[in-house]
Amino acid sequence: MRVIKALQAHGMIVAMTGDGVNDAVALKCADIGIAMGKGTDVCKEAAEMVLANDDMSAILEAVREGKNIFLNIKNFVRFQLSTSVSALMMIALTTFWNIPSPLNPMQILWINIIMDGPPAQSLGVEPIDSGIVNSPPRSPKKQVVDLYMLARVCVSAAIIITGTLWVYEDEMVDGKVTARDTTMTFTCFIFFDMFNALSCRSLTKSVLQINLLGNTTFLFAISASILSLFGLIYVPFLQTIFQTEALGFDDIIKLVSLSSSVLIADECFKLILRFFAGRNKTDCESLRRK
């Protein structure tokens with residue numbers, strides 16, 4: 001008990017293992033109480049986790065899985081928030097400025113139901129990072145949505161809104177909304193979504209540092225989303241339903257180049273974050289040597 005309280009007083013997250021009745025109090029006091037599978041019922045009742053096979057290596061696997069699940073939840077929430085805020089604010093701003101909506105109802109439904117769902121869900125099954133165990137434990141009081149995440153959501157949403165509305169205004173030169181105007185806006189927003197989803201695969205690592213082919217579910221979701229987008233703008237039957245028209249190759253290149261800005265901005269954000277994280281780590285090592 002004294003050891004547990006001393007470690008907790010220094011801000012550490014303490015795990016305690018036990019198998020007897022006399023361990024129950026310590027298991028309850030620890031942040032994570034771990035009871036052995038062959039332990040007493042009292043011990044199991046006091047613990048948060050039970051090792052069914054008494055294999056201590058399972059604790060490490062549980063830590064890896066737990067940390068990965070938490071990070072995947074954050075990635076999922078971040079993507080959903082940035083996309084939802086972008087769509088809502090874009091419609092709200094055009095209404096406030098008293099200009100025609102850049103997207104028709106069918107396109108908005110397609111974005112909310114088809115384009116956002118599969119990529120977001122695929123972020124929830126991101127494979128475990130090999131270095132995740134080396135990361136320090138998070139505070140139990142730390143929330144999924146913190147100020148750091150909200151700042152990144154706001155930056156991503158601002159870039160998506162600005163870029164999409166710029167394309168809309170640039171296309172609507174005569175003041176009238178045409179099928180081409182909404183198609184360019186619709187395609188631009190979806191490309192922004194896809195690049196945003198790619199940047200949300202990791203909170204700190206660059207897309208060049210992660211295994212791009214590691215999450216096959218994500219690759220399938222992105223590929224299906226892009227193929228369905230091309231179907232909406234090139235298949236005559238779907239063009240009639242969604243009020244779209246075919247775009248030229250130069251239009252696609254223009255939109256891809258513009259929408260990639262949300263990924264580039266997030267990469268810069270991660271680079272700055274890694275720089276300060278590495279600097280703090282170096283300072284801590286210097287203090288320890290002294």
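In what order do the three strands of the open sheet stand, and is their pairing parallel or antiparallel? Before selecting anything, note that this is a predicted model, in which local features need pLDDT of at least 70 and side-chain atom pairs count only at pLDDT 80 or more, while totals for chains, interfaces and linings use all residues. Residues are numbered from 1 along each chain as its sequence is written, and side-chain values use heavy atoms, with hydrogens and water left out.

**The sheet**

Select the strands and you will find the order S1-S2-S3, with parallel pairing in an open sheet. Helices (H or I, at least four residues) and strands (E, at least two) are DSSP runs, numbered from the N terminus, and two strands pair if DSSP finds at least two bridges between them. Strand S1 (15–18) and strand S3 (49–51) are at the edges, and because each has a single partner strand, one side of each is left without a neighbour in the sheet. On average, neighbouring strands here are turned by 25° against each other, direction ignored.

Now select S1 together with strand S2 (residues 32–36), which run parallel and are joined by four bridges. Thr17 has Ile34 as its bridge partner in S2, and Gly18 has Ala35 as its bridge partner in that strand. Colour S2 by accessibility and it appears mostly covered, with four of its five residues buried; buried means under 20% relative accessible area, exposed over 50%, and partly exposed in between (1.4 Å probe, protein chains only).

Next, add helix H4 (residues 57–96), which lies across S1, S2 and S3 and runs at about 140° to S3. Such axes are lines fitted to C-alpha atoms, for helices over the stretch in contact, and angles run from 0 to 180 degrees between N-to-C directions.

**Ala46 in helix H3**

Move to Ala46, which is placed in helix H3 (residues 41–46) and counts as buried at 11% relative accessibility. Its C-alpha atom is separated by 6.1 Å from that of Leu27, although the two residues are 19 residues apart along the chain. Not counting residues up to four places away in sequence, Ala46 touches Ala24, Leu27 and Lys28, where contact means heavy atoms within 4.5 Å.

**Ser199 and Ser202**

Select Ser199 in helix H8 (residues 179–199), a residue that is buried with a relative accessible area of 0%. The side chain of Ser199 reaches the backbone oxygen of Asn196 at 2.7 Å, which can be read as a polar contact (a pair of N or O atoms within 3.5 Å; within protein, one must be able to donate a hydrogen and the other to accept it, and residues adjacent in sequence count only if both atoms are side-chain atoms). Leaving out residues up to four places away in sequence, Ser199 touches Arg78, Leu263, Asp266 and Lys270.

Then step to Ser202, in the loop between H8 and helix H9 (216–234), which counts as buried at 11% relative accessibility. Its side chain reaches the backbone nitrogen of Lys205 at 3.0 Å, and, with neighbours within four places in sequence left aside, Ser202 is in contact with Asn75, Arg78, Ile210 and Lys270.

**Empty space**

A search of the whole structure finds one cavity of 30 Å³ or more. The largest cavity has a volume of about 50 Å³, and to see its lining, select Arg152, Val155, Ser156, Ile159, Val262, Ala265, Asp266 and Phe269. The elements giving two or more residues to this lining are helix H7 (147–171) and helix H12 (261–289).

On a 1 Å grid over the protein atoms alone, a cavity is a set of points where a 1.4 Å probe fits but cannot get out, and a pocket is an open set with protein on both sides within 12 Å along at least five of seven lines; lining residues have an atom within 4 Å of a point. Grid points are joined across faces, edges and corners, and a volume is the space filled by probe spheres set on the points.

For the second largest pocket, with about 160 Å³ of space, select Phe191, Met194, Phe195, Leu198, Phe218, Leu219, Ile222, Ser223 and Ile226. H9 gives the largest share of that lining, five residues.

**Two residues with positive phi**

Finish in the loops. Most residues other than glycine have a negative phi. Asn98, in the loop between H4 and helix H5 (105–115), has a positive phi of about 60° although it is not a glycine, and counts as exposed at 70% relative accessibility. Gln243, in the loop between helix H10 (236–242) and helix H11 (249–259), has a positive phi near 55° and is partly exposed, with a relative accessible area of 49%.
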